[in-house]
Amino acid sequence: MTIAETTSLLGQPIDIREDEQLLRGEATYVADLRLPGMAHMAILGSEHAHARINGIDTSAAAAMPGVLKVATAADFAGVMPLPCIWIPGGVESHFPPHPYGLPGSRPVLSGDVVRHVGDPIAVVVAETPKQAAAAVKAIVVDYEPLPVVTRADRAIEDGAPQLHEAVPNNLNAYWTCGDKERTDRNLAEAEVVVELDLVNQRTINSPMEPRGAVGHYDQATGDYTLYASTQGPHNHRFLLAALVLGIPFNKLRVVAPTVGGSFGTKGYLYPDMPLVLLLSKELNRPVKWVDTRTGLMNSTVQGRDHRQHVVLGGTRDGRITAVRCTSYANLGAYPSTIGPGVATALMGRSITGMYDVDAAFCEVYAAFTNTVSLGAQRGSGRAEAAFLMERLVDKYATEIGVDPAAVRRQNLVPATKFPYDNGLGWTYDSGNYQENFEKALEMAGYADMAGRKAEARGRGKRLGVGIATYVAICGVGPSTRMSQEGMLGGTWESCNIRVHPTGEVAVTVGSASTGQSHETIFAQVAADQLGIDPATVRVYEADTLKAPYGQGTYGSRSYSMAGPAIALTAQKIKDKMCRAGAAMFKVPEDKVVYANGKIFAEGDEENGKTFAEMAMAMWYHWYLPQDIEPALDETTHFDPPDFNYPFGTHVAVVEIDELTGETEVVAYTAVDDAGNIGNPKIVEGQIEGSITHGLGQVLMEAAEYDDEGHLITSDLRTYALPRAADVPFFQLGKTVTPTPHNPLGAKGAGEIATVPPAAAVANAVVDALSDLGVQHIDMPITPEKVWRALNGTSGAAQ
Amino acid sequence: MILTDFDYVKPGTLGEAVALLAAEGSRVLAGGQSLLVDLRTGDGTATRLVDIRGIAALRGVRREGEGRLHIGALTTLAELAADPLVRAGAPALAEAARANGDPQVRNLGTLGGNLAATGRATDLPVAVIAADATINLAGRGGQETLTADAYATRGLPAGAVITSIEVPVREHRHHSAFEKTADRATRYPLCAVAVRAAYAGDGTAADLRIAVTGATARVQRLRGVEELLLGGPTGTGEVLAAFRAQPRDMFVPGRGASAEYLGHLAGVLTARALARAAAR
Amino acid sequence: MKISLQVNGAPADVEAEPNELLVETLRDGLGLTGTKVGCDTGQCGTCVVQLDGKSVKSCLLLTAQAEGSEVTTIEGVGEGRELTDLQEALRAEHGTQCGFCTPGMVMSLSELVADENAAPSEPEIREWLTGNLCRCTGYHSVVRGVQRACAMRTADTAAAATAAKE
Ligand SMILES: Cc1cc2nc3c(=O)[nH]c(=O)nc-3n(C[C@H](O)[C@H](O)[C@H](O)COP(=O)(O)OP(=O)(O)OC[C@H]3O[C@@H](n4cnc5c(N)ncnc54)[C@H](O)[C@@H]3O)c2cc1C
Ligand code: FES
Ligand code: FES
C-alpha cells in the first residue's frame with residue numbers, strides 16, 4: 001500500500017467556520033440556555049477573608065417571593081469536598097483532607113470557617129435570577145472575624161494566621177528543582193553576580209464571559225447533565241462523579257456549550273458545578289447559575305502571584321554560569337484543581353529559558369493565604385519564569401557593559417545540542433534559537449535603535465527597547481511524565497473518526513474550544529490527512545456523551561495533542577480503505593494507492609474509487625472479505641513520548657513621556673516558533689491576543705487585596721484590561737522547528753506569546769531610563785512609578 | 001440586574017418634573033450612564049426615577065443674543081462633541097465631551113447628568129467652570145441661575161434640575177482647551193483640566209481661568225495658580241512651578257496615584273492646555 | 001408596566017418592571033440572547049445594541065426608557081441572515097475568537113461605519129472601541145476588519161464609478 005502525500009491543506013489560512021455563527025450572535029453560551037422549568041441559583045459569598053461562622057439565619061431569605069430553596073453547608077454533609085489533582089511533584093505536601101485520602105481542596109459550601117472573601121456559604125434557588133439574588137442578600141451570617149494573611153511570604157512566617165488544620169504554617173509544599181550545590185558554587189565563584197527582588201503580581205484572567213452552570217437531573221432515568229462553561233468536560237465528569245458526588249460515572253454527562261474565553265480559568269472544578277446538580281435533583285427542576293463580573297473576580301481562579309529573589313552569576317565576558325530563584329507562591333485559600341503544580345513545576349523548571357546555563361536551582365514555597373484560589377493564567381508559570389530570567393539577563397548585561405542582545409546571543413542553547421536537558425527537569429525537543437533570535441532582532445530593526453532614541457528625545461519622549469526570549473513547555477502531555485510532576489491523572493488525548501456512508505466525516509475529540517476555532521482546525525487536519533474537502537468534515541467535542549475521552553483544552557495542548565490523535569485516526573481509516581481497496585481491485589495491498597481522497601490500484605487511477613464511493617462500499621460491505629469489518633469508524637488515544645517546547649523572541653519598543661511617565665508601546669515584534677502550524681490565521685490570532693494579554697500584565701493589570709483581604713479590584717472599574725487603543729499593530733514572524741514528539745510536528749501555540757511580553761516591555765522601560773541608573777520597576781509599570789524613576793524619587797503610590 | 005424597586009415616571013414638562021422630584025427618594029434620570037450603574041451595584045438608591053428626557057425645553061443648542069450659547073441639559077455628550085456651534089464657540093467643552101472615550105456612553109450621557117453626577121470626577125465640570133458658564137436650574141423655588149464659580153465652590157443645590165447652561169462664546173481674545181489623563185480602567189478622568197486664557201501682545205497671560213478635577217478633592221478653579229501665572233509667560237516650566245507653589249494639601253491621592261503625582265500631572269495637563277489655547 | 005417598542009423592525013409590547021434593564025427584556029423576555037452580559041458596571045460592551053440607530057449599552061438603559069424607540073440587536077442586523085459587509089470583513093479577518101464580545105462589537109462598529117463613506121483612521125477605530133473589551137483577539141483582527149470593510153466599499157464605489165463612466 002502506498003500512501004502518497006495527499007493535499008497540503010495544513011498550513012493554509014483557511015476561513016474560520018465558527019466565525020459566521022459568532023458574528024451573527026447565534027452561538028449558545030451557558031447563560032443563553034433555557035430549559036423548561038428552569039430555576040435560578042444565586043450564591044452567597046463570604047464578606048470576610050477569614051472568619052468563623054457562628055450561625056446563619058436563612059429564614060428571611062426563605063420567605064422571600066419565588067424562593068424554592070435556601071441551602072447551607074449542613075444541607076450537603078454527605079457531599080465530598082472538591083479534590084486537587086496537580087500537586088507539587090516529588091516532595092512532601094500538605095492539603096485539606098478528602099475522604100479518599102486524596103489531596104482535598106474545598107467543600108461545596110463552607111460551613112465553620114470561611115477563608116477568602118467570596119468563599120461560598122449559602123445558596124438560594126428561586127424562580128427568577130432576580131429573586132434568587134434578592135434573597136441571597138437577606139441571609140444573615142454571624143461572622144467571627146479571624147486574622148488575615150494575603151501574602152505567601154508572610155503566610156509561612158511563625159505566628160501567621162492558620163488557614164487549614166492539616167497544613168502547618170500554611171505551607172502546601174517546599175519544592176525544588178535543579179542542582180543547588182553546583183548553583184551555589186558557581187554563584188560563589190562567579191565574577192559577576194546580579195540580583196533582583198521581583199513581584200510577579202497577581203492577575204485576573206478576565207474572560208469576557210463569566211462562568212456559569214446549569215444542572216439538570218432527570219428523575220425518570222436518574223441521569224445528571226451538567227452544562228458548564230468548561231475547558232475540560234471529561235475531566236469534570238470524572239472528578240465530579242467519582243470524587244465529589246460519588247455517583248456512577250454512567251450517570252453524569254458534562255456538556256460545554258460555546259465558551260466565551262477562558263485563558264486558564266475554566267478547567268477547574270468549582271462549587272457551583274456540584275451545587276446545580278444536587279439542587280436540580282432535590283427540586284426536580286433544572287437549576288441555572290450565571291456568575292456576575294464581581295462574582296467572577298472573587299471566585300474564579302487568579303493567576304501569577306510569585307514574590308521572588310533571583311540571582312544570576314556569570315563571567316565578565318558574558319557567559320552565564322548560574323541562575324537561582326527563591327519564590328513564594330501564593331496558592332490562595334484553597335488549592336485549585338491544578339494550582340499547586342502550576343505554581344511549582346511550570347515555573348521552576350522553566351527559569352533558564354533559551355539559555356545554556358551550567359547550573360540552575362529553583363525553590364518554591366507554595367503557601368495558602370486568604371485570597372481567591374490561584375490557577376493558571378495564559379502562559380502560567382512560564383511567563384513568571386521568562387520574566388525573572390529576562391530581567392536578570394538585562395541587569396547582567398548592564399553590569400558588564402555589554403549589549404543585552406550580545407549577552408543573549410552568547411548564551412543561547414546551540415542548535416546542535418538538541419534534545420537539550422536544561423538541568424531543571426525539561427528536555428527541550430528541538431529548536432534553532434539562533435535563527436529565531438536573529439530574525440526577531442532584524443525584523444525589529446534592533447541595530448538602528450540609537451537613531452530612533454535620539455529622534456524621540458527631540459519630541460520629549462524616551463525610547464527604550466527590550467528583548468525577551470522564552471521556551472514554553474507545552475503539549476501536556478505524556479501521562480507518566482506528568483505523574484512524576486504530581487499530576488493525579490492521565491493527560492493523553494483522543495479522537496474518533498466516523499465516515500458516514502455518504503462520505504462525510506464526523507471527527508470527535510476530547511478537547512473543548514474556548515475560542516480557538518477547533519472545528520476549523522480539526523476539520524482541516526482530518527481533511528488534509530484524508531485528502532477530502534474540509535466542508536464535508538464535522539467536528540464534535542466538548543460533550544462527554546458525543547466525544548471520546550480527552551483532557552480538554554489547556555496549556556496550548558489542543559493542536560499538538562488532539563491534532564496528532566486525528567492524524568493517527570485518519571491513518572487508520574486510510575489503512576482500512578486500502579485493505580478494502582486491495583480486495584476490490586484484486587491487487588496486493590502494497591499496490592493500492594491512496595491519494596487526494598481517491599483509492600486506486602497502482603497505474604489505474606481511472607478505475608479507482610472516490611473517498612465517498614469507498615465509504616458507501618464499506619457501509620454496504622458487499623463482497624468484502626470477512627476480516628475487514630464493515631464501515632469506517634476508528635479511534636485513537638494519543639499519549640506523546642514527551643512534551644513539546646515552543647520558543648520565541650519578542651522585541652518591544654516603548655516611548656516614555658518625560659513629563660508624565662506614561663509608557664506607550666510603539667512597536668512590538670514577535671517571532672514565535674510553534675513547530676508546524678496548521679492554520680496560520682488561527683495561530684496569528686492567538687499570538688496577537690496573547691501578546692495583548694501580556695502587555696496587560698506589565699502595564700496595567702493587578703489584583704489588589706487590602707489588609708483585611710478584600711479584593712479592591714473587584715470589577716472592571718477597578719481592574720484595568722487592555723483596550724484597542726492601548727496596543728499598536730504587532731509585527732509577527734515565525735520560525736518553524738517541528739517537534740519529533742508528534743506526527744504533525746506541531747508545538748503549542750495558544751498561550752506561548754503571553755510568556756515574554758511582560759519581560760520585553762519591562763526591559764524596554766528600564767532601557768529607556770538606564771542613563772538614570774534605573775535597574776528595575778515593578779509591574780504594573782504605571783505612569784507614577786516611571787515618573788518617580790525619572791525623578792529619582794522612590795516612595796510608593798498610595 | 002437592579003435589585004432596588006422604584007417607580008418610573010416620565011413627565012412632559014419641567015413643572016411636572018419639579019413637582020415629582022419633591023418626594024423623598026425621587027431622582028432625576030437623564031442618560032442613566034451614572035445613575036443606573038449606581039443602582040446596579042447598590043451604590044445608589046432611589047424610590048422614584050423621574051425621566052426628564054421627554055421634556056422638550058431641556059433640549060437644543062442655540063445662540064443666545066450676542067456672545068452666548070445656550071445648551072440644553074439633555075444635550076448628549078455625542079451631540080456636544082459634534083455640535084459646530086459648541087466646537088467653534090466653546091472648544092474646551094466639545095473636547096471635554098469627546099474625552100469620554102466610550103461612544104455608547106456619549107450617545108446616552110447628557111450635559112446635565114455629567115455636571116450633576118457625584119461620586120466620581122467627570123469631564124464636563126472643568127470645561128464649564130473654565131468657560132465661566134452659568135448654569136440654569138429649576139427647583140421648587142422656581143428658576144435659578146448659578147455662576148460657574150458658585151458651582152465650583154458650592155456644587156448644585158439639592159433637588160434642583162439643571163435645565164441648561166449659558167456659555168460666553170469665545171471672544172476673540174479668549175481661547176480655551178481641555179486636557180485629560182484617563183484612568184486606565186474606567187476612562188473617567190484620573191485628572192482633567194480646562195483652561196481659558198487671553199494673551200497680551202507679548203505673549204503673557206492677560207486673563208486666565210483654570211479648573212481641575214480628579215487631582216483635587218472636588219472639581220475646582222485654581223485661583224492660586226492663575227494668580228502666579230497672570231501677567232507672565234505660561235510655558236511648561238512656569239506652570240509646573242506655579243503648581244509646585246500650591247499648598248501641599250491641595251491635591252489628594254486617588255485611583256492608585258499619589259497626591260504628589262496627581263498635582264504634578266495637573267500641572268503638566270494645564271501647561272499642555274495653555275499651549276494649545278495659545279496656539280488657537 | 002407595559003412598554004411598546006420596535007425590536008428589529010417589528011413591534012414588541014412587553015411587560016416590564018420599572019427596574020428592568022433593556023438587556024434583560026431582550027434576553028429573558030424576547031429570547032434575543034445574541035446580546036450578552038459581561039459585567040455589572042458598564043465597561044465591557046458585550047451588551048451593545050442600537051437605539052434609534054445609535055449604539056448604546058443595553059445594560060445601562062431601562063426598558064421603560066426605550067418606550068417608543070427602535071431597538072436593533074445583533075439578530076436584526078443585515079438582510080435576513082446575510083452578513084453585512086462589516087460582518088463579512090470581520091469574518092475575513094477572523095475578527096472574533098470566542099465570540100462573546102462579538103455581537104457588541106458588531107453593534108458598536110456598525111454605527112462607526114454607518115455612513116457609506118466612512119473611512120475612520122486606525123486611531124479612530126481604536127478609540128471607538130473604548131467601550132468594547134475583548135480578551136481574545138487583542139483587537140488587531142477587529143481593527144483590520146473595520147479597515148477592510150471600508151476599503152471594500154471604496155473599491156465598490158470605485159468600481160461602480162468606473163462602470164458608470166464606461
Ligand atoms: C463606561 C462608562 C464610562 C464613562 N466614562 C466617563 C468619562 O470618561 N468621563 C466622564 O465625565 N464621565 C464618564 N462616564 C459617565 C457619563 O459620562 C455620565 O454618566 C454622564 O455624563 C452622566 O450623564 P447621564 O445623563 O447619564 O446622567 P444620569 O446617570 O442619568 O444621572 C447622573 C446623576 O445626575 C443627576 N441628573 C441627571 N440629569 C440631571 C439634571 N438635568 N439636573 C439635575 N440632576 C441631574 C441624576 O439624578 C444622577 O444623580 C462614563 C460612564 C460609563 C458607564
Ligand atoms: S454588560 Fe458590560 S457594558 Fe453592558
Ligand atoms: S473574541 Fe473572545 S472576547 Fe472578543
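Ala, Val, Leu, Ile, Met, Phe, Trp, Tyr, Cys and Pro count here as nonpolar, Asp, Glu, Lys and Arg as charged, and the others, Gly among them, as polar. By that split, the shell around ligand 1 has 16 nonpolar, 14 polar and six charged residues. The model is predicted, with local features needing pLDDT of at least 70, side-chain atom pairs pLDDT 80 or more, and totals for chains, interfaces and linings taking in all residues. Residues are numbered from 1 along each chain as its sequence is written, chains are lettered from A and ligands numbered from 1 in the order written, and side-chain values use heavy atoms, leaving out hydrogens and water.

Ligand 1 sits between chains B and C. Around it are 36 residues (near means a heavy atom within 4 Å), and the closest include G31(B) and D123(B). Polar contacts (pairs of N or O atoms within 3.5 Å) involve oxygen atoms of the ligand: one is 2.7 Å from a polar backbone atom of L35(B), and a polar side-chain atom of N114(B) comes in at 2.9 Å. Taken alone, ligand 1 exposes 950 Å², and the protein buries 96% of that (Shrake-Rupley areas, 1.4 Å probe). Of the elements in the shell, α7(B) gives the most, with four residues.

Over in chain A, helix α16 (a DSSP run of H or I, at least four residues) covers residues 558–585. Its 28 residues should span 40 Å at 1.5 Å a residue (times one less than the number of residues), and the end C-alpha atoms are 38 Å apart, which agrees. Of these 28 residues, 21 are buried (under 20% relative accessible area, 1.4 Å probe, protein chains only). Next comes K586(A), with a positive phi near 55°.

Technical notes. Helix = DSSP H or I, 4+ residues; strand = E, 2+ residues; numbered from the N terminus. Buried < 20%, exposed > 50% of the residue type's maximum accessible area, 1.4 Å probe, protein only. Polar contact = N/O pair within 3.5 Å; in protein donor to acceptor, adjacent residues only side chain to side chain.
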